[in-house]
Amino acid sequence: MTITEAKQSLKHSFGFNEFRPMQEEIVRAVLDKKDCLVLMPTGGGKSLCYQLPATVLPGVTVVVSPLIALMKDQVDALVGNGVKAGYINSSMEEDEMRDVEEAVRAGELKLLYVSPEKAVSQFFQYFLRNIDVSLFAIDEAHCISSWGHDFRKEYTQLGQLKNKFPNIPIIALTATADKITRRDIKHQLSLQDPTVFVASFDRPNLQLTVLPGRKRIPQIIDFVNKRNNESGIIYCLSRNMTEKVAGALNRDGIDAAFYHAGMHPADRAEVQENFVHGRTPVICATIAFGMGIDKSNVRYVIHHNMPKNLEGYYQEIGRAGRDGLPSETLLFYSLADVIMLKKFATDSGQPALQTAKLERMQQYADALICRRRILLSYFGE
């Protein structure tokens with residue numbers, strides 16, 4: 001497969017005339033069957049780095065993705081572009097899964113999205129042996145590292161893929177990983193002499209503001225009212241607080257909804273759909289919200305509480321201004337937040353690591369020098 005065919009598919013399947021920074025080099029490496037580790041900020045165009053090669057490679061690309069809602073969104077978008085894609089996950093009935101498996105066996109799909117649990121199950125690995133797999137893509141790859149900010153146990157078995165399918169290249173992708181986490185991803189996935197791509201983490205269109213955490217809700221109402229129906233996300237530490245902030249906004253005549261893991265899945269899906277399609281401009285959410293959402297015109301991200309680490313914070317503010325236009329980030333910071341987060345860190349499985357990450361977050365919030373500089377140096381730029 002040649003880069004010329006990939007460029008034709010870029011236009012034909014995805015509607016782009018040219019690559020964004022670093023995408024072409026990554027696609028070339030994938031077409032050359034090299035293992036790759038890709039670090040690209042939220043909104044930088046990570047998905048295209050495996051979706052585009054999948055359209056020109058023979059066989060199917062298997063994508064491991066941690067979120068069921070995200071799989072559905074990505075598959076719907078691909079199918080809308082005329083790319084044959086499907087997914088298998090626990091939300092499906094048996095006969096639906098069988099239909100997708102049949103389509104893969106018949107060579108009708110170019111991309112197949114699966115959960116990490118599914119990817120390492122015995123049945124699925126047997127299934128993989130009997131189909132033509134051209135590439136494994138591991139999305140949100142930081143989840144495999146216990147040094148990362150979002151470690152997930154089910155990811156740890158994904159190292160089996162390289163051992164059982166040594167000739168199939170792997171592309172691992174993440175928006176946030178410090179140097180220790182990068183090293184761990186390579187080790188855990190048994191990547192063979194991988195080509196590492198690190199895009200710039202500088203988002204000059206984002207304005208970074210930190211304010212004292214006093215009278216937060218009146219300040220949020222004032223901030224949102226001045227931005228007349230623009231799209232924004234307000235992150236809160238607890239489910240209860242998402243409902244409280246959304247209620248206060250609604251009482252002030254601002255159209256806002258809340259989103260958290262305690263809601264019925266159908267209600268959550270409806271809230272997300274309404275936000276993505278612009279029907280609800282403001283979402284008050286826990287950090288469960290936003291991963292993989294393809295909405296380019298989010299104009300601001302507010303943190304009602306200080307996040308527990310810079311990786312999570314960077315990923316969350318990266319949901320603003322994906323269209324490159326000026327956007328704002330606002331973080332409320334108080335000693336009460338720090339005390340509460342220190343307790344969470346102490347009670348976690350890795351108290352020393354989580355406390356160190358929290359301290360870096362606190363240094364960012366307290367900083368008297370340019371905060372952009374602190375963020376970039378954290379990611380080694």
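Start by selecting strand 5, residues 133-138, in this predicted model. Six of its six residues are buried, so the strand is largely enclosed by the rest of the structure.

Now add the strands beside it. Select residues 60-64: this is strand 2, which runs parallel to strand 5 and is joined to it by five bridges. To find your way in, look for Val 60, whose bridge partner in strand 5 is Val 133. Then bring up strand 6, residues 170-174, which pairs with strand 5 over three bridges, again in the parallel sense. Here Phe 136 stands opposite Ile 170.

Next, click on Ile 171. Beyond its neighbours within four places in sequence, Ile 171 is in contact with ten residues you can colour, namely Ile 26, Val 30, Cys 36, Val 38, Cys 49, Tyr 50, Leu 135, Phe 136, Ala 137 and Ile 138. Ile 171 is also among the residues with the most contacts inside the largest nonpolar core, along with Ile 138, Leu 158 and Tyr 364. That core has 109 residues, and helix 3 (residues 48-56) gives the most to it, with six. A second, separate core has 19 residues; show Ile 221, Tyr 300, Ile 302 and Phe 332, which are included in it.

For the last stop, go to the open sheet of six strands, with parallel pairing and the order 8-13-12-9-11-10. Its edges are strand 8 (206-212) and strand 10 (256-259), each pairing on one side only. From one strand to the next, the twist averages 15 degrees. Zoom in on strand 8 and strand 13 (residues 327-333), a parallel pair joined by seven bridges. Leu 206 has Ser 327 as its bridge partner in strand 13.

Key:
Residues are numbered from 1 along each chain as its sequence is written. This is a predicted model: local features need pLDDT of at least 70, side-chain atom pairs count only at pLDDT 80 or more; totals for chains, interfaces and linings use all residues. Side-chain values use heavy atoms; hydrogens and water are left out. Two strands pair if DSSP finds at least two bridges between them. Helices (H or I, at least four residues) and strands (E, at least two) are DSSP runs, numbered from the N terminus. Axes are lines fitted to C-alpha atoms, for helices over the stretch in contact, and angles run from 0 to 180 degrees between N-to-C directions. A nonpolar core is a set of buried Ala, Val, Leu, Ile, Met, Phe, Trp, Tyr and Cys residues joined through side-chain atoms within 4.5 Å. Buried means under 20% relative accessible area, exposed over 50%, partly exposed in between (1.4 Å probe, protein chains only). Contact means heavy atoms within 4.5 Å.
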